[in-house]
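Good morning, colleagues. I should like to take a few minutes to discuss the packing and surface of the structure now on the screen.

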Amino acid sequence: MFFYILIFLAIFYLWWRWRAQDGQKIRDLTDKYIFITGCDSGFGNLAARTFDKKGFRVLASCLTEVGAVELKAATSEQLQTVLLDVTDPDNVRKVAEWIKAEVGSAGLWGLVNNAGIMGPSAPTDWLNIEHFRAPIEINLIGLINVTLHLLPLVKKARGRLVNISSTGGRLAVWGGGYCPSKFGVEAFNDSLRRDMKAFGVKVSCIEPGLFKTGLSNRKKIIEEREAIWNQLPPAIRKQYGEGYVQKGETLLDYFNTNLSLVVQCMEHALTSINPHSHYTAGWDAKLLWIPLSSMPAAIQDFVLLRNKTELADPTAG
């Protein structure tokens, strides 16, 4: 009995020590620059407004002029916006030069790679290579290019790199370019984390579950699928059956609505003395997607296929 008590006390001590270290944070945020991509809406927009209030010197990129103007109107004079299309190499280079001039000798404390799109999501045999190209160019290639241009500034500050991935980077729930792009982000993040360790740069990956943002607009997703459906050969349409798109997937009905859960992960990654290598955000990520991603393929397939709409005639054509 005494032995089990000792084991319990040892486990409790280790947990308490971990919690104490996990709560330690850096000070003097007001002299630290952070750059966040994709701030027109969603996670990036909320992050820019939140970190501005906390005193960070926020440099926020938006894709549109409207997004930049609206963000600027909702924040302090200290926050600065810049227009950035992460798929435009010349635009990325010029923005990196602007950031270098802004941060000066202090370097860039934090880079939050948040910009991303969903892209068309549909059964793979509905798609062509162009349906895959945009999400991979934005979510993966654009993220890598921004990181490579700003890495010297982050190394100078011995700062933080935060990459927004997805549970779709751990478990491919639907067809299209989104999940492959996020699997790529996970791989890039892991190799980058190991490469930067010797430089004192800490790299984190955030894996949100399904959140209600512009990315997950159900109406837009259904409209994109309908447009693809209308271009399909008759044989494939016969296999799936008329009305397949309208039946949809029940996954689209379940979203987290509290975007601050993801921003809290960003904040911990940027301010904790001991940031995590991976964060999960959302009840579905913690209780379903991440645990399921570690299970055998047979179990994954059983769970995910239960959500699939039944085909009309798989043998047609």
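I shall begin with the interior and then turn to the surface.

This is a predicted model, in which local features need pLDDT of at least 70 and side-chain atom pairs count only at pLDDT 80 or more, while totals for chains, interfaces and linings use all residues. Residues are numbered from 1 along each chain as its sequence is written, and side-chain values use heavy atoms, with hydrogens and water left out.

The largest nonpolar core has 31 residues; such a core is a set of buried Ala, Val, Leu, Ile, Met, Phe, Trp, Tyr and Cys residues joined through side-chain atoms within 4.5 Å, where buried means under 20% relative accessible area, exposed over 50% and partly exposed in between, with a 1.4 Å probe and protein chains only. Ile36, Phe51, Val58 and Met266 have the most contacts inside this core. Among the elements giving it two or more residues are strand E2 (57-62) and helix H10 (260-271); helices (H or I, at least four residues) and strands (E, at least two) are DSSP runs numbered from the N terminus. H10 supplies the largest share, six residues. A second, separate core of 29 residues includes Phe35 and Phe188.

Consider Ile206, in strand E6 (residues 202-208). Is Ile206 buried or exposed? With a relative accessible area of 0%, Ile206 is buried. Beyond residues up to four places away in sequence, Ile206 touches, among others, Val162, Met266 and Tyr279, contact meaning heavy atoms within 4.5 Å.

On the surface, Leu288 lies in helix H11 and is partly exposed, at 32% relative accessible area.
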